[in-house]
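Here are my comments on the model you sent. Please read them with the sequence and coordinates open.

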There are 2 protein chains.
Amino acid sequence: MNSEELLAFLAAVGHAQRLRIIKELASGTLYVSELARRLGVSRPLLYMHLERLEKAGLVVGRLELSDDGKALKYFELAPFDVQLNVDTILAAARQDGASETGQAGQAE
Amino acid sequence: MNSEELLAFLAAVGHAQRLRIIKELASGTLYVSELARRLGVSRPLLYMHLERLEKAGLVVGRLELSDDGKALKYFELAPFDVQLNVDTILAAARQDGASETGQAGQAE
DNA sequence: TTCATGTGTAAGTGAAGACTTACAGGCGGG
DNA sequence: CCCGCCTGTAAGTCTTCACTTACACATGAA
């Protein structure tokens, strides 16, 4: 994880609404409209946030067909675990220059 | 650490400039003007960021008098270490309602 | 006194992003 | 056909926040 990815991650989580989304999804997968109702948030707004969370790798969405033929966009939490301290940040910065040496290390 | 504090922390770190400030301060304490020069940032702007970092508890500043009588505002990193995953976030949320029971637990 | 260093803040500009309203569909059922 | 549910996205508004310029003030040295 380099600086850019770390930043995207932190900026994604560092927002009240998105934190709420994570909390809600923690209890299980939901589709967008249902999630919007639970959070009391407009669907387009929720879309924006989900998009951002997905880009940062915090959630993943998939389109599914329900029994009665309706298309439902389900979102679920992606497992993430980032230790945040000075060393972590410096380590991320060190990755920036390093041109992907080593054959595809662990976790991204 | 409750949701509010966690959010302040994440929002503080989730910004490119402030991440740079942390990196720079990682190598040692600096006073504002010097830090501004190193980062190539205007001093008032740096002030804003430092203020935010200080509120979130990431840095601490103290005013000192140099040998030649000049007042220098030094900033240094405060030790921080936050594990960021779903459980951590849910744990923070759980603290929100809990009205400070238990006599002053560890770390804030 | 003037110049160079520093702290601190006020006030304005500008861009980013959060949020809304409004629309384009698709499907099933009355 | 017209509702009810859903997915998408476009196009605005509006607020927040990043950032600049400009000032007031203090000190030590020339």
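The points below go from conventions to the single chain, then to the dimer contact and the DNA.

1. Conventions. This is a predicted model, in which local features need pLDDT of at least 70, side-chain atom pairs count only at pLDDT 80 or more, and totals for chains, interfaces and linings use all residues. Residues are numbered from 1 along each chain as its sequence is written, while chains are lettered from A and ligands numbered from 1 in the order in which they are written.

2. Secondary structure. Chain A has five helices and four strands, taken as DSSP runs numbered from the N terminus, with helices being H or I over at least four residues and strands being E over at least two. Read from the N terminus, the order of elements in chain A is α-α-β-α-α-β-β-β-α.

3. Overall form of chain A. The radius of gyration of chain A is 16 Å, against a value near 13 Å for a compact globule of 108 residues. That radius is taken over C-alpha atoms, and the globule rule is 2.2 Å times the number of residues to the power 0.38. The C-alpha trace of chain A spans about 50 × 30 × 20 Å along its principal axes.

4. Burial and contacts. In chain A, 19% of the 108 residues count as buried. The criterion counts other C-beta atoms within 10 Å of a residue's own, with C-beta atoms placed from the backbone: 20 or more is buried, 12 or fewer is exposed, and in between is partly exposed. Among contacts in chain A with a separation of 6 or more, 52% join residues 24 or more positions apart; a contact requires C-beta atoms, placed from the backbone, within 7 Å.

5. Glu5(A) as an example. Glu5(A) belongs to helix H1 of chain A. Glu5(A) is classed as partly exposed because it has 15 C-beta neighbours inside 10 Å. The C-alpha atoms of Glu5(A) and Gln95(A) are 10 Å apart, although the two are 90 residues apart in sequence.

6. Strand pairing within the chains. Strands are called paired if DSSP finds at least two bridges between them. Strand E1 (residues 30-31) of chain A runs antiparallel to E3(A), joined by two bridges, and Leu30(A) has Phe75(A) as its bridge partner. E3(A) also pairs with strand E2 (residues 59-65) of chain A, antiparallel over seven bridges, with Val60(A) opposite Glu76(A). In chain B, strand E2 (residues 59-65) and E3(B) likewise pair in the antiparallel sense over seven bridges, and Val59(B) faces Leu77(B).

7. Hairpin backbone. The hairpin of E2(A) and E3(A) has five residues between the strands, and Gly69(A) takes a positive phi near 80 degrees there. In the hairpin of E2(B) and E3(B), also with five residues between the strands, Gly69(B) has a positive phi near 80 degrees.

8. Contact between the chains. How many residues of chain A are in contact with chain B? There are 22, and they touch 22 residues of chain B. Helix H1 (3-13), helix H2 (16-26), strand E4 (81-85) and helix H5 (86-97) of chain A each give two or more residues to this side. It has 16 nonpolar, four polar and two charged residues; Ala, Val, Leu, Ile, Met, Phe, Trp, Tyr, Cys and Pro count as nonpolar, Asp, Glu, Lys and Arg as charged, and the others, Gly among them, as polar. E4(A) pairs antiparallel with strand E4 (residues 81-85) of chain B over five bridges, one of them between Asp81(A) and Asn85(B).

9. Symmetry. Chain A superposes on chain B with an RMSD of 0.1 Å after a rotation of 180 degrees with 0.0 Å of shift along its axis. The two copies are therefore related as by a two-fold rotation axis. The C-alpha of Gln83(A) is the one in chain A nearest the axis, at 2.3 Å. Superposition is by least squares on the C-alpha atoms of residues with pLDDT of at least 70 in both copies. The copies meet through the same surface, because 100% of the interface residues of chain A are also interface residues in chain B.

10. DNA strand C. Around DNA strand C there are 21 residues, the nearest being Leu45(A), Gly69(A), Val32(B), Ser33(B) and Lys73(B); near means a C-beta atom, placed from the backbone, within 6 Å. This surface has ten nonpolar, five polar and six charged residues.

11. DNA strand D. Here 20 residues surround the strand, with Ser33(A), Pro44(A), Pro44(B), Leu45(B) and Gly69(B) closest. Helix H3 (32-39), helix H4 (43-55) and strand E3 (71-77) of chain A, and helix H4 (43-55) of chain B, each supply at least two residues of the surface near DNA strand D.

Definitions and conventions: Contact = placed C-beta atoms within 7 Å.
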